[in-house]
Each structure stands twice: as structure tokens, then as C-alpha cells.
Amino acid sequence: LSSIHGSSSSNNNNTMKKSTHPPFEGTSALKLLIVLVTLLSLSWVLVNAAEESWRPKIDESSKSELFEIVHSIQVQAPSHFPKPTRMVNASDPTIEVVVEPTIGAHRADQDVVMAYAEGYQLPYYMMFMETLRKTGFDGDVVMAIADYNLLADDVLDYLKTQDNLIVYVHTLDCYESDSITPGPRRMKGGAMDVFQMCHLSNVYGWKDEDGNVIRKAKDPRIGRVVATLRYEWYWIWAQHYNPNSWIMLVDARDSFFQTNPFANLPRNQNGLLYFFGENAEATRLGISTKNRNWLLRSYGHETMTAMSEKPTICSGSTMGEQLAIETYLRAMVREWDETDIKMTGADQGFHNYLYYSGKLAGSSTISKLVVWEQGKGIINNLGALRTKPFSEWGFYNNQTYEVYNWDGTLSPVAHQWDRDKHLHSHYQGELFKEWKQQFKNRVVT
């Protein structure tokens, strides 16, 4: 305004002086400023209008009848599953877990998230931890990660900064591609080799009266892939928690959290167990070549055929009270002992067979087993919906990058998020870089 009026109060006569600025310069600048403010305001309104106009698709239909057990393959459900330590020496009850965490300490009275998280780059660990803690969850998180020489840059330093995180760094006894010649755990194509056969030795053993380890046991089982081996890790970790603590078993690489998954859970249910299905319209056990082969190789053609029309229940996402989870994990290890299948991913065959055959139904430590349909429970399994962009299904807001359940509420856990190009680009192209830089800045300061 001073440039427009060129006013001066340098003398008592209030004499007006000529402006030294070109005519209308101030007016043009003001007009330009008004235009810019208007455009910014308009863009803000449009963005907010788009966000407010978007609504998640509500789908109240149910396919729950498809999850009934398959009576033609129903088994006499055992009331008890043996501990994994049984294979070391079935007649020696003194064998116990002797492996200790590398970082952190278990808190028995806490809820806990468990993940086998071997060989990832730093941003994947940050995605998992940062989104989980942002929900307000302050319970335990337990991970097994790669051996020191295979850890990516900054991973160990980052994990050491996390509160209530328990980390196991444990050397596996592995084999070359012939599954006979001993060899180190190896990388393949920039990631851990998921097909390599390994042993989990020195996790069980014997202690003296003072609790000191006096001897460790070699793994009595034949070599197996880590996707199968992880269930023994989960069972080992579960021993550290109280029967009424809630435990989540989830894949670390492709899961992020939006709300606290342990909020409002039913408590003291004497063994409540949650399974989570994949979308029943998009896939069935018999449609997926992998699922079909896992069942065929583990249980034979008759069982595979009987289960072929059943919805897939994801083995990478399970929750329950410790009492029930511990039993489920015994059963999963036992399935491998009985089948000896070496295929990566076969654990999903075990998981589905245990449910659809009714094999878990007789256990006194599982009071109730609930299978949540896709998009209706705490963990939303998205992998089967990769056939088109998530936004076209109606559960994904591509403005806010949020994933919703079919009742219109935020999914507490989004599992298999990386199957969508838009969501993948957001995390890989933006958030991963931001998180990595944030940690480097933290280290510098």
C-alpha cells in the first residue's frame, strides 16, 4: 500500500511526494497475489471435496457357510499335540527352550506381535514398527532377523532404538542346493533364498538347578525352509507369555497398521483363536496352483479335491490368546513332522488342513476358533484382490492411502498391501525414502 499511495509524513504540511515506482506496479503485484491465493484455496477445496466425497464400499454379504469343515476328510481330533521338543527326545521331559534374545526382554503380561523378518532392507522394518507404534500399541514385538553378516545397512542400529522390541539373531545350519552339502545361509536375487533347507539347532537343551544351560541340542528334524521353520520360533517365543496374553503372528514385509489391533479384544476366553480368510470370490484353494500343490503334496489327491472349493485361509495372519496360539503352533509343527514336505509355502496347506479337517476341534486349550472373512476382521488379507486396482474394489482410498473393511471402518492391519501398484508406489517411492532419511537424521543429531 505504501508503494501505491507514495505517502510521507516527513513534514507538518503532509506534502504528497511523487512515487518513485512505475505506475500500477503495486496493483499488478496485488492482483497476482490474489490470483495465487485463490488458486491455492480452490485446490484445497477440491482436494478436500474429493476426500469428503469418497466413501468406502459397504458390503454386508457373507460367505460364512463356505467355511464349514469338510466332513469327508474330518479326522478324529486329538485332545493334545506334542511339544516340538519331543523330537529331540520323547522320553526326556527335562528338555526346554534355552535360546535367549539378542536384543530386549520378553514381558510375560503383555500382548505381543510376532514376525519372522529375515533379510529385509531398513524401510521394511521401519514401515512395520513405525505404523504399529503410531496406533498406540505399546506391547511387545518379537522378531527373528538374519545373521549379522547378512543384515542390510542400519537395520541393527535402528532395531536397537525401539522400545519393547525383542530380537533374535541366530545362526541357522543350512545346506547347498543339493540339500546335503552344508553351506551358509545365502542371499538370492537381493533377498534371502526362501528355498534353502536349514536346521534350527541350539534352541532347545538342558539347564541345571540354577537355570544355567549345560547342554544344547542339535535339530533332530531334517532340513526345512524358513517359512516352515518359523513356526518353531513362534512356539519358542509363545512360552514367554501368560495364557491370557493376545498374540499376533503376521508377515512383516507386507503388513502395515492403521489402528491398534489389540484394542477392544475379548479377554480371558480360555483359548480364543482367530484365523483370517482371503477373498472368497477372488480365489479358492483349488483355483490357486500353489495352494492346490501344497495340499496335493502334503495330503494327497482325495483331500485336495475335497478342499478345492473352500476359501483360502491365510497362514500369514493369525491371532489368539496365548493358550490357543501355543496349541495351534504345536499342531503346525506336528503337521510338518507328519508330512516332511519341503516346498516353500507348504505351511498354508497345513493351516487350511488343520481347520477344514476339524483337527483342532478336540483341543481343550482352544475354546473357540473363529474364521474372519476377508475384510471383516482385524487383519485384512488383500493378496487375492490383485486382479484389479484396490481402488476399483472400493475398499482403498487412493487420496489418503487408507485401507478399509467392508463395514466402512479402517482395517487395523493391512496385509499384502504391496499387490496394488498405487499403494506400492506410495510406500516404495515416498514413505520408504522419508523413513530412511528420518533415521539417518536421527543418527546424525
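**View 1. Strand β14 is a mostly covered strand in this predicted model.** Take residues 272–277, the stretch that makes up β14: six of its six residues are buried. Which residues point which way? Leu272, Tyr274 and Phe276 point one way from β14, while Leu273, Phe275 and Gly277 point the other way. That fits a rule worth remembering: in a regular strand, side chains alternate between the two faces of the sheet.

**View 2. Meet the partners of β14: strands β16 and β15.** Strands pair up through backbone hydrogen bonds, either parallel or antiparallel. With β16 (residues 368–372), β14 runs parallel, and five bridges join the two. Look for phenylalanine 276, which stands opposite tryptophan 372 in β16. With β15 (residues 313–321), β14 runs antiparallel, and here there are four bridges. Phenylalanine 275 has threonine 318 as its bridge partner in β15.

**View 3. Helix α6 has buried residues lined up on one face.** Along α6 (residues 289–299), the buried residues are Asn291, Trp294, Leu295, Ser298 and Tyr299. Why do they line one face? Looking down the axis of α6, you'd find its buried residues within an arc of 90 degrees, so they share one face of the helix. Those buried residues pack against α7 (301–307), α8 and α9. Just after α6 comes glycine 300, and its phi is positive, near 95 degrees.

**View 4. Helices α8 and α9 cross each other.** Here you're looking at α8 (residues 322–339) and α9 (residues 346–356), whose axes come within 10 Å. They cross at roughly 115 degrees, and the crossing is right-handed. On the α8 side, the contact uses Tyr328, Ala331, Met332, Glu335, Trp336 and Thr339. These meet Asp347, Phe350, His351, Tyr353 and Leu354 in α9. What kinds of residues make up this contact? Sort them and you get seven nonpolar, two polar and two charged.

**View 5. Three strands make an open sheet in the order β6-β5-β9.** The pairing in this sheet is antiparallel. Which strands sit at the edges? Those are β6 (182–183) and β9 (198–199), each pairing on one side only. Zoom in on β5 (residues 173–175) and you'll find two bridges joining β5 to β9. Cysteine 174 has cysteine 198 in β9 as its bridge partner.

**View 6. Another open sheet of three strands runs in the order β13-β20-β17.** This time the pairing is mixed. The edge strands, β13 (255–257) and β17 (379–381), have a single partner strand each, so one side of each has no neighbour in the sheet. From one strand to the next, the twist averages 20 degrees. Strand β20 (residues 413–415) pairs with β17 in the parallel sense, over three bridges. Isoleucine 379 stands opposite valine 413 in β20.

**View 7. Alanine 77 sits in a loop and touches residues from another part of the chain.** The loop in question lies between α2 (25–53) and β1 (96–97). Is alanine 77 buried or partly exposed? Its relative accessibility is 23%, and buried means under 20%, so alanine 77 counts as partly exposed. Its C-alpha atom is separated by 8.6 Å from that of serine 357, although the two residues are 280 residues apart along the chain. Leaving out residues up to four places away in sequence, alanine 77 touches Gly358, Lys359, Ala361 and Gly362.

Definitions and conventions: Residues numbered from 1 in each chain as written. Predicted model: local features only at pLDDT ≥ 70, side-chain atom pairs only at ≥ 80, totals over all residues. Heavy atoms only, no water. Axes fitted to C-alpha atoms, helices over the stretch in contact; angles between N-to-C directions. Left-handed = near helix turned anticlockwise from the far one by under 90°. Contact = heavy atoms within 4.5 Å. Nonpolar A, V, L, I, M, F, W, Y, C, P; charged D, E, K, R; others polar. Buried < 20%, exposed > 50% of the residue type's maximum accessible area, 1.4 Å probe, protein only. Pairing = 2+ DSSP bridges. Arc of directions from axis to C-beta.
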